[in-house]
Amino acid sequence: MKNLHIKLLFAFCLFTSALQGQWQQLPNLPVSGTVRDMWFVNANTGWVSLTSPNNLVKTTNGGANWFVQAANDNSFAVIQFFNDTLGVAKSFFDNGSFRISKTTNGGTNWATIYTTGNSFADMYFVNKDTGWVCGYDGNNDRVWRTTDGGVSFQSQFSNPGFGADKLFFLKQKINNEYWGWVLAGHLYRTTNSGASWNMIFGSFSAVCSSLEDMFFKDTLNGIITRNLSCFSLTTNGGYNWVDVSEWYSADSHIGMGNDTIGWLTLATDSVLKTNNFFLNYGKQPIPITSSTEIFALDTFNVYAGRNQSNMMKTTNGGGPLVGIEQISSNVPAGFSLSQNYPNPFNPQTTVEFSLSKDAYVTLTIYDILGKEVSAALNNEYITAGTYKAVLDFGKINVTSGVYFYKVSVSDGSAKIFFTESKKLVYIK
């Protein structure tokens, strides 16, 4: 993993509203609460579960309207639908017991099909019959499996601990078996549908704190989102992980449209998008203050939200990414900023800069009077190497003239490693 070079693509838009139009803010949900989970079976039909208070709401017209299907019910902490009629939910009773519920009419009615005194933390089905839950039995981390759609569960994993928090399974079998991962203090993996589990990774670094979400695109490549300020990537099935620093990644969740194109929510007015499973990624401005839960139906239709008034969607994948990308991972001798090219330009020009060590970078555009036009990069963490940035003045409501771009490199707080400004000429 030491040879793994993570190429970071920090997308930016010099005029934020130009890309915000690619994400559409949806009307408020009819009830208050925090979004706990969401699931869509097509671009129009989907469900959102909320907590504090507990509710399940549904849309059949792409989020233009929502209606409550179950009010003040604990049944919908985790939801999963297989088509527009059949779905399951993981929940708990007020007496502390947990249950699995099932609907066969699109969420209008739900029947409890399984109850237990064990604590169920997470649930994942690979099809309508086969699924797993993880949790705690009062003494041990546990994983249980069902092969009859949740009517019964069989124990597959038990280890002393304080509860298994998150699990994920590949939906396609490998050598006629399902592969899966569960986080229970350490990271465990199964290659035989849960019959046996092996610990493959110890504790994650305290810097990035607890796990929030997990996704594997195949048996080797996976991502885990962490609390505080980073997420982690593996290319060998979970045996080794590389932390990627990213501010505002608290409570981040992953929505993958396919095996390579996906999004990651942030606690700020943007989301991350990748076109190659986070080897590179970019930021897309959004019209809401922040998002936590996300569901990608495909590479175009994506829903995300945080609470009643913070729901949004895109039907074109969130629009194009214009940003910076690494053009060399070789570590240069020092920091530098190159003259933009072409210059003069209309509407785009390219700027290159080099970092002799990992640092936080701010790239700011000013007019000739020294007034800030835009902060294209705002204290973003970037690894050592050489980068090029494409500045698109076609997305800024400015006139022709002389402007300046300034790069500042720091340790993320008060210590400045490098700063330099250069002139550019925009001709409309």
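## Salt bridges, a buried lysine and the cores

At 27% relative accessibility, Glu 420 is partly exposed. The side chain of Glu 420 pairs with Lys 422 in a salt bridge, with the closest N and O atoms 3.2 Å apart. This is a predicted model. The chain has 428 residues, and 54% of them count as buried.

**Overall build**

- Strands number 37 in this chain, alongside one helix.
- Take the contacts in the chain with a separation of 6 or more: 49% of them join residues 24 or more positions apart.
- The chain has an accessible surface of about 17300 Å². Carbon and sulfur atoms supply 47% of that surface.

**Nonpolar cores**

- The largest nonpolar core holds 41 residues. Within this core, the residues that touch the most other members are Trp 181, Ile 223, Phe 231 and Phe 278.
- A second core is separate and has 24 residues, including Val 351, Ala 376, Val 407 and Tyr 426.

**Salt bridges**

- The count of salt bridges is five.
- Asp 213 bridges to Lys 166, with 3.6 Å between the closest N and O atoms. Asp 213 sits in strand 19 and Lys 166 in strand 15 (residues 166–169), so this pair ties together parts 47 residues apart in sequence.
- Both ends of that bridge are covered. Asp 213 is buried, at 9% relative accessible area. Lys 166 is buried too, at 17%, because buried means under 20%.
- Asp 122 belongs to a network with Lys 166 and Asp 213, joined by salt bridges that share partners.
- Another bridge links the side chains of Lys 128 and Asp 129, at 3.4 Å from N to O. Lys 128 is partly exposed, at 46% relative accessibility. Asp 129 is partly exposed as well, with a relative accessible area of 31%.

**Lys 90: a buried charge without a salt bridge**

- Lys 90 lies in strand 8 (residues 87–92).
- Lys 90 is buried but forms no salt bridge. Asp 122 has the nearest side chain of opposite charge, 6.7 Å away. That distance rules out a bridge here, because a salt bridge needs the nitrogen and the carboxyl oxygen within 4 Å.
- What does the side chain of Lys 90 meet instead? A polar atom of this side chain lies 3.1 Å from the backbone oxygen of Phe 120. The backbone oxygen of Ala 121 is 3.5 Å from a polar atom of the Lys 90 side chain.
- Beyond its neighbours within four places in sequence, Lys 90 is in contact with residues including Arg 36, Ser 75, Phe 76, Val 78, Phe 98, Arg 99, Ile 100 and Met 123. Phe 120 and Ala 121 are also among these contacts.

**Phe 216: a buried residue in strand 19**

- Phe 216 is in strand 19, which covers residues 211–216. Asp 213, of the bridge to Lys 166, lies in strand 19 too.
- Is Phe 216 buried or exposed? Phe 216 is buried, because its relative accessibility is 1%.
- Phe 168 is 48 residues from Phe 216 along the chain, yet their C-alpha atoms are separated by 7.6 Å.
- Leaving aside neighbours within four places in sequence, Phe 216 is in contact with Phe 168, Leu 170, Trp 181, Asn 221 and Thr 234, among others. Gly 222, Gly 237, Gly 238 and Trp 241 are also in contact with Phe 216.
- One of these partners, Trp 181, is also named among the residues touching the most other members of the largest nonpolar core.

Notes. Residues are numbered from 1 along each chain as its sequence is written. This is a predicted model: local features need pLDDT of at least 70, side-chain atom pairs count only at pLDDT 80 or more; totals for chains, interfaces and linings use all residues. Side-chain values use heavy atoms; hydrogens and water are left out. Helices (H or I, at least four residues) and strands (E, at least two) are DSSP runs, numbered from the N terminus. Buried means under 20% relative accessible area, exposed over 50%, partly exposed in between (1.4 Å probe, protein chains only). Contact means heavy atoms within 4.5 Å. A nonpolar core is a set of buried Ala, Val, Leu, Ile, Met, Phe, Trp, Tyr and Cys residues joined through side-chain atoms within 4.5 Å. Accessible areas come from the Shrake-Rupley method with a 1.4 Å probe; for residues, only the protein chains shown count as cover. Lys and Arg count as positive and Asp and Glu as negative; His and the chain ends are not counted. A polar contact is a pair of N or O atoms within 3.5 Å; within protein, one must be able to donate a hydrogen and the other to accept it, and residues adjacent in sequence count only if both atoms are side-chain atoms.
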